[in-house]
Amino acid sequence: MFHSVLPLLAASVLAVQPARSSLQEAPRRPDAIDSIVKTQMARREIAGLTLAVIDRGRVMDVRYYGTTTRGGTDAVTRFTLFQAGSISKPVAALAALQMVERGALSLDDNVNDKLRSWRVPENEFTQQQPVTLRGLLSHTAGLTVHGFPGYAVGERVPSIPDILDGRGNTGAVRVNVVPGSVWRYSGGGYTVMQQLVTDLSDLPFADYLRDQVLVPLGMRSSSFAQPLPAAMAALTATGHRLDRQPVPGRWHVYPEMAAAGLWTTAAELAQYATEVQRIYAGTSRVLSRDMGQQMLTDQKDGHGLGPAVAGSGATLRFHHNGRDDGFDASLVAYARTGQGAVVMINANDNSRAVNRIIDAIARARQWPDWELPQPEAVTRAPNASSLLKDVSGRYEFQNNFMLTLFVQDGTLFTDVNGLRDEDWIPATDGRLVSGDRAVSFTPVRDASGKITGILWTSPNGTTRQIPRIGPLFSTTTTRDPDAAFTARFDSARVHLAAGGAAVAGSPLLTSGARSAFTRPTLDFANVTARRFVMSEDVRGRGIERHGHAIARVAHYRLSTGRGERLVIVHVDAEGRVADFDVVNR
């Protein structure tokens with residue numbers, strides 16, 4: 001059954017009024033942080049950004065840059081709301097931990113003992129160990145569904161029980177490994193926690209979180225309401241996708257509020273971090289010191305009860321990243337020293353831009369034990385244009401993750417989603433050296449001199465070979481050496497466009513591809529023309545996709561109702577499609 005998300009009660013509209021801040025809006029001179037921010041925003045075409053710096057346990061500096069939408073004139077201000085994505089999880093976790101301290105919940109009892117509107121289906125795994133709140137908050141409950149895509153504005157939104165049973169736009173949330181046996185990120189688990197809090201409070205989740213968490217933390221402009229009331233929606237930034245196009249409707253609606261539903265500002269998200277610092281020190285009224293220590297204790301693989309954790313002693317820190325459709329965010333803070341930062345952007349970005357900004361803050365504020373990148377000083381090799389041209393192309397940096405190298409105006413750089421990221425300097429010893437960190441690589445060639453990979457050297461000095469997938473897309477077309485495979489690909493992409501049973505029964509796809517692409521592939525819908533570009537034999541290079549070794553890659557240009565698509569098809573030794581990538585170059 002579907003229903004519309006309930007709006008907040010009338011009292012919640014008061015939250016749209018900007019909270020008074022202790023920070024003074026005084027003019028200041030641009031500094032190194034501003035320089036890094038503006039460079040990264042220009043290079044990555046990020047429309048708007050806001051950040052907050054924490055020192056001595058207080059939000060000491062809030063900055064905002066750019067506009068609320070690409071090409072717009074409305075400036076981002078300290079009150080512009082951004083979606084926090086998965087940073088919603090550690091904020092929402094406070095509500096469940098409060099219930100533990102009040103005796104309404106236990107960290108280690110079976111959550112089915114308290115759930116009323118929906119229950120975790122029992123199976124052979126839960127018979128060995130039950131699903132507990134500790135497991136939900138630390139991603140160790142054995143539950144499925146990594147994350148959620150959200151719903152378009154105006155689209156009908158399912159209830160949480162429907163979402164948990166797979167009647168939304170994601171699969172059913174189920175236990176498929178023994179709870180506690182592995183760490184596996186699960187937005188589905190946090191959605192179970194949301195239902196648990198709702199059942200116990202008898203209140204809409206957004207209302208309960210407002211009263212018990214957001215207002216006590218001083219986050220009065222923030223809200224878990226999905227969708228937002230109109231007055232709050234007027235304060236929001238517009239999200240932008242990887243291709244920098246705005247999200248239709250400006251943003252998505254996330255009924256999975258605990259997992260992805262928080263609207264907030266950098267300043268108020270930093271308020272959450274300072275409250276956790278007070279909780280850990282035993283000076284908060286929100287949670288006890290004992291609970292704070294449990295929250296920031298590594299439960300498994302670097303994750304606490306809400307936030308991720310790293311370091312120890314004086315350098316213990318908690319952190320979390322977030323992504324919703326069109327929005328990215330990052331939070332990191334030290335539990336004891338009272339330092340930290342929050343960065344939020346109204347774009348999805350797969351580069352190191354946000355990391356560079358946080359590094360700049362860490363350097364300026366002298367964070368303890370923070371590993372700052374140290375670029376190597378090198379002498380640039382003369383007449384390196386031939387080397388740069390040869391090395392440009394795509395490489396399988398890790399399983400199902402490509403590194404794209406592109407040359408423009410004599411500079412080799414990493415291309416991330418069609419935009420410039422990291423520059424590589426050709427050194428006199430034949431290496432290509434990063435311009436902003438202690439990383440380098442050397443081309444690996446076969447007996448004929450053809451580049452088949454690169455030897456990558458990490459900051460700690462370790463090396464590993466990264467296989468080459470092939471060149472960038474060419475504007476010319478070569479003769480198709482295997483027209484029979486191209487015909488099979490034509491049929492396979494029809495199956496992929498349909499999804500569901502067409503994919504499940506396709507002999508043209510590997511078993512890994514059939515498992516990975518159950519939903520319709522929109523990039524293959526309404527194809528009006530297909531043109532073969534080139535193919536390359538990659539046997540023996542160690543490329544693997546969805547559990548299958550790749551023997552060949554083929555490039556195609558597809559004309560569709562959504563524009564041209566540049567597609568790389570990964571093929572196994574039996575000629576089956578194992579995977580594909582839609583690329584920019």
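**Entry 1: the barrel**

I began at Leu405 and found that Leu405 stands opposite Thr414, a residue of strand 13. I am working from a predicted model, and I keep that in mind in each entry below. Looking at the strands around this pair, I noted that strand 12 (residues 401-408) and strand 13 (residues 411-416) run antiparallel and are joined by five bridges. I then asked which larger arrangement holds these strands, and I found a closed barrel of eight strands, in the order 11-12-13-14-15-16-17-18, with antiparallel pairing. On average, neighbouring strands of this sheet are turned by 35° against each other, direction ignored. Helix 1 packs on the sheet, where it touches strand 13 and strand 14 (419-426), and the direction of helix 1 makes about 110° with that of strand 14.

**Entry 2: strand 11 and its two partners**

Next I looked up strand 11 (residues 393-398), and I wrote down that this strand is mostly covered, since five of its six residues are buried. On one hand, strand 11 pairs with strand 12 in the antiparallel sense over five bridges, and within that pairing Glu396 has Met402 of strand 12 as its bridge partner. The hairpin of strand 11 and strand 12 has two residues between the strands, and there I found that Asn400 takes a positive phi near 65°. On the other hand, strand 11 also pairs with strand 18 (residues 463-470), again in the antiparallel sense, over two bridges. For Tyr395, the bridge partner in strand 18 is Arg468.

**Entry 3: the open sheet**

I then turned to another sheet, which is open and is formed by six strands in the order 2-1-10-9-8-7, with antiparallel pairing. Which strands stand at the edges? I found strand 2 (58-66) and strand 7 (308-310) there, and because each has a single partner strand, one side of each is left without a neighbour in the sheet. From one strand to the next, the twist averages 15°. Following strand 2 to its partner, I counted eight bridges in its antiparallel pairing with strand 1 (residues 48-55), and I noted Gly66 in strand 2 as the bridge partner of Gly48. Helix 1 (residues 32-44) came up again here, as it lies across strand 1 and strand 2 and runs at about 35° to strand 2.

**Entry 4: Gln194**

I picked out Gln194, which is found in helix 5 (residues 187-201), and asked whether it is buried or exposed. Gln194 has a relative accessible area of 3%, so I recorded it as buried, given that buried means under 20%. Leaving aside residues up to four places away in sequence, I found that Gln194 touches Ile160, Phe205, Pro255, Glu256, Met257 and Ala258.

**Entry 5: the cavities**

Finally I asked how many cavities of 30 Å³ or more the structure holds, and I found two. The largest cavity has about 50 Å³ of space, and among the residues that line it are Leu105, Asp109, Lys114, Leu133 and Leu196. I sorted that lining by class into four nonpolar, two polar and three charged residues. The second largest cavity has about 30 Å³ of space, with a lining that includes Gly135, His139, Thr140, Arg184 and Gly189. The lining of this second largest cavity divides into three nonpolar residues, six polar residues and one charged residue.

Conventions: Residues numbered from 1 in each chain as written. Predicted model: local features only at pLDDT ≥ 70, side-chain atom pairs only at ≥ 80, totals over all residues. Heavy atoms only, no water. Helix = DSSP H or I, 4+ residues; strand = E, 2+ residues; numbered from the N terminus. Buried < 20%, exposed > 50% of the residue type's maximum accessible area, 1.4 Å probe, protein only. Contact = heavy atoms within 4.5 Å. 1 Å grid on protein atoms, 1.4 Å probe; cavity = no way out; pocket = protein on both sides within 12 Å on 5 of 7 lines; lining within 4 Å. Points joined across faces, edges and corners; volume = space filled by probe spheres on them. Nonpolar A, V, L, I, M, F, W, Y, C, P; charged D, E, K, R; others polar. Pairing = 2+ DSSP bridges. Axes fitted to C-alpha atoms, helices over the stretch in contact; angles between N-to-C directions.
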